[in-house]
There are 2 protein chains.
Amino acid sequence: MEAHSHADLVPHSPRRLHETWILDHLRRQGRASRAELVAATGLSRATVSALAGELLAQGKVVVTDVAQPTAPGRTPQALALNPAAGLVLGLDFAHSRVGVVVADAAHAIVGSATRTYASTTPWDTRCAIAVRLARKVLAGDAPLAAVGIGIAGSIGGRPAVVDAIRDAFTDAFGVPVRTDNNARLAGLAESVWGAARGGADALYVRLSSGVGGAVILDGRVHRGRGGTAGEFGHVCVDPAGPLCRCSNRGCLECYVGVEAVLADSGAATLADLLSALDRGDRRASAVVTAAGQRIGLVLSGAGNVLDVPHVVLGGDLTVLGEHLVRPVRQTITRHLHADRAATVALAELGDLDGALGGVALVLHDPSIPFTGPLAPRHLTGTGTA
Amino acid sequence: MEAHSHADLVPHSPRRLHETWILDHLRRQGRASRAELVAATGLSRATVSALAGELLAQGKVVVTDVAQPTAPGRTPQALALNPAAGLVLGLDFAHSRVGVVVADAAHAIVGSATRTYASTTPWDTRCAIAVRLARKVLAGDAPLAAVGIGIAGSIGGRPAVVDAIRDAFTDAFGVPVRTDNNARLAGLAESVWGAARGGADALYVRLSSGVGGAVILDGRVHRGRGGTAGEFGHVCVDPAGPLCRCSNRGCLECYVGVEAVLADSGAATLADLLSALDRGDRRASAVVTAAGQRIGLVLSGAGNVLDVPHVVLGGDLTVLGEHLVRPVRQTITRHLHADRAATVALAELGDLDGALGGVALVLHDPSIPFTGPLAPRHLTGTGTA
């Protein structure tokens, strides 16, 4: 949470405030039609049209096509922040690879790349690899506005490493740099571009060796007091359960982390487990169903407390597909209160989710000015992996 | 959640925006010293001082004493919204009584009253009783800015009744009227005036026959998609548990609602149960400890997902005091992840909590203009129960 909340503003200068609502929505969503802006801001159609006209005249926004035409033969127009406001660089330092994404202010991805490294690679080498990769994707001449970096949870607890990463990118690019947990950023990215896109509120759970996640409320990552919200993996599901690596007992992760699921099922790898599931193996099915039910129970609890309409499952365990999603969905449906419902979907963004979340992190950060144009010339840089 | 979020505003007009941060903070917190405004907004001391000077000159804020002097012999000054901006009326329609509170824009309570009624009293009669009581507390001549009304959860599901209540107060006072679930409003009030005051984030659980609650994030009630967030009572604690009145299985309420606790303990009333606990009765102690552990488990789960520093327990069951609080606190401490901590405290506001929450509801609602002065004259009206 930020120290200052601007959430319930007293509307002193309505026109100015309404303009910020529109720009804020575009900054979060990338692009939006006038009708979407009416729905999102609660302003009248006339007000939105008038303000959009002014913002266009000022060069703060541009007209663009909506991502997906709503009907054949019709290409509705959308507004987006002026891409000339500069590019944003998103990175994800995962355990054995770094992912890089470059996007413009209209949320268009202009390039991406990934590089693997050995788990023994020292951090200064990893940073050098990542900076080089980023420069390649940026293609040299584009104005960069900010850098957002996702960092694996296990590293996030080491402030010296986080500082080294931040310094390396500040030195290399001379723009604001922000960092966050990469599972939380993956959840944010899913809420902007992925399985929960367009939904302001979502729960994201990443199911790999560790189990983490993100709570997205009102289009923002909810961080909590200590910045560590989203610890679905350490919700207790049995107070008498086994000791977790976190030193508490009976955490969800003890039961549904990849290693625990493999051990319970007797499969050597997730691929083997999936094969067993596909051929109807009873033990495999029972183990994965039980894991899905536990995940669903934790998520239904969070759903009853938060009344959130979207659940997204990511991480290595999701290669099990519907074998996993079905029991999660059934359990959530069974235990959500009254007539609530929540969609349960697999994450869609793959390996670049954390880097995309880095892009969203800085696009959503109000302390980074990002309503161009920053530079008089149009952007030319694109890059590929 | 509101349809439009203004949470991550792009700072277009910093001066204007900073002014709204200060007014917004005062509107939520009632009064604040300049130092508190610096801490809450992230603005510099110089900026806060300059803006405070302007707001004082415009009559939007006034200088007042802080509620509690921080050291003997020293009376720090605080800023508050101008009380002349009008009064706010808060009401709470509980099962067998209505509570009324009148407060000014500086969050000062200028009067309060309660009236009981038979559970068979028709709604138009209840509304007439409440309007009469409110007029008495308002004492006739004060300008009223808005009305906020808490309504028991069992009634909230009956839209016709909610509409009738809203219409009765709109007709009677001709000002904006807002309604919400009274357990949620009680939680909001505890975060403004009660056990979690000054804390922006808190979980509130009301433990009576039914078990409900509120999630306060960043000083606001989190409502969720359908407006029903905070259903701690219907978080499943055992999928194979008994059928709940909500038609799901194993909900927390089945185990820790007042009737369930009394039945398990063999006590006829909560007073009897408290006596048994005070004299060390083993069965009573085991039952209340088990209830506290279940409550703690649900709250630690929410705490791990949300990373919230304050937990407040309210409702009839809290007459059991530390007998109940201790196992809740121990269980939360045991299952919160890593080095997190949360305070666990009893609610402090008593029977007027819901009505106070009604006051906070409208003070926090940005769609109600409330930064006077509304009227040239100063207020004279006060009332008593």
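**A tour of chains A and B**

In this predicted model, helix 11 and helix 12 of chain A cross in a right-handed sense. Select residues 282–306 for helix 11 of chain A and residues 322–335 for helix 12 of chain A; the two axes come within 7 Å and cross at roughly 40°. Helix 11 of chain A is therefore oblique to helix 12 of chain A.

Next, display the side chains where these helices meet. Helix 11 of chain A contributes residues including Val288(A), Gly292(A), Ile295(A), Gly296(A), Leu299(A) and Asn304(A). From helix 12 of chain A, the residues in contact include His323(A), Leu324(A), Pro327(A), Val328(A) and His335(A). Sorted by character, the residues of this contact are eight nonpolar, nine polar and no charged.

Remain in chain A and select helix 6, residues 159–173, in which Asp167(A) lies. Asp167(A) has a relative accessible area of 45% and is therefore partly exposed, as that value falls between the limits of 20% and 50%. Add Val177(A) to the selection: 10 residues separate it from Asp167(A) in sequence, and the C-alpha to C-alpha distance is 8.6 Å.

Finally, turn to the cysteines of chain B. Over all chains, the whole structure holds zero disulfides. Select Cys244(B), which is in no disulfide; its nearest cysteine sulfur belongs to Cys246(B), 3.8 Å away. Cys244(B) is buried, at a relative accessible area of 6%. Why is the sulfur of Cys251(B) not bonded to that of Cys246(B)? The closest cysteine sulfur to that of Cys251(B) is in Cys246(B), and the 3.7 Å between them is too far for a bond, because a disulfide requires sulfur atoms within 2.5 Å. Cys251(B) is likewise buried, with a relative accessible area of 1%.

Notes: Residues numbered from 1 in each chain as written. Chains lettered and ligands numbered in written order. Predicted model: local features only at pLDDT ≥ 70, side-chain atom pairs only at ≥ 80, totals over all residues. Heavy atoms only, no water. Helix = DSSP H or I, 4+ residues; strand = E, 2+ residues; numbered from the N terminus. Buried < 20%, exposed > 50% of the residue type's maximum accessible area, 1.4 Å probe, protein only. Axes fitted to C-alpha atoms, helices over the stretch in contact; angles between N-to-C directions. Parallel < 35°, antiparallel > 145°, perpendicular 65-115°, else oblique. Left-handed = near helix turned anticlockwise from the far one by under 90°. Contact = heavy atoms within 4.5 Å. Nonpolar A, V, L, I, M, F, W, Y, C, P; charged D, E, K, R; others polar.
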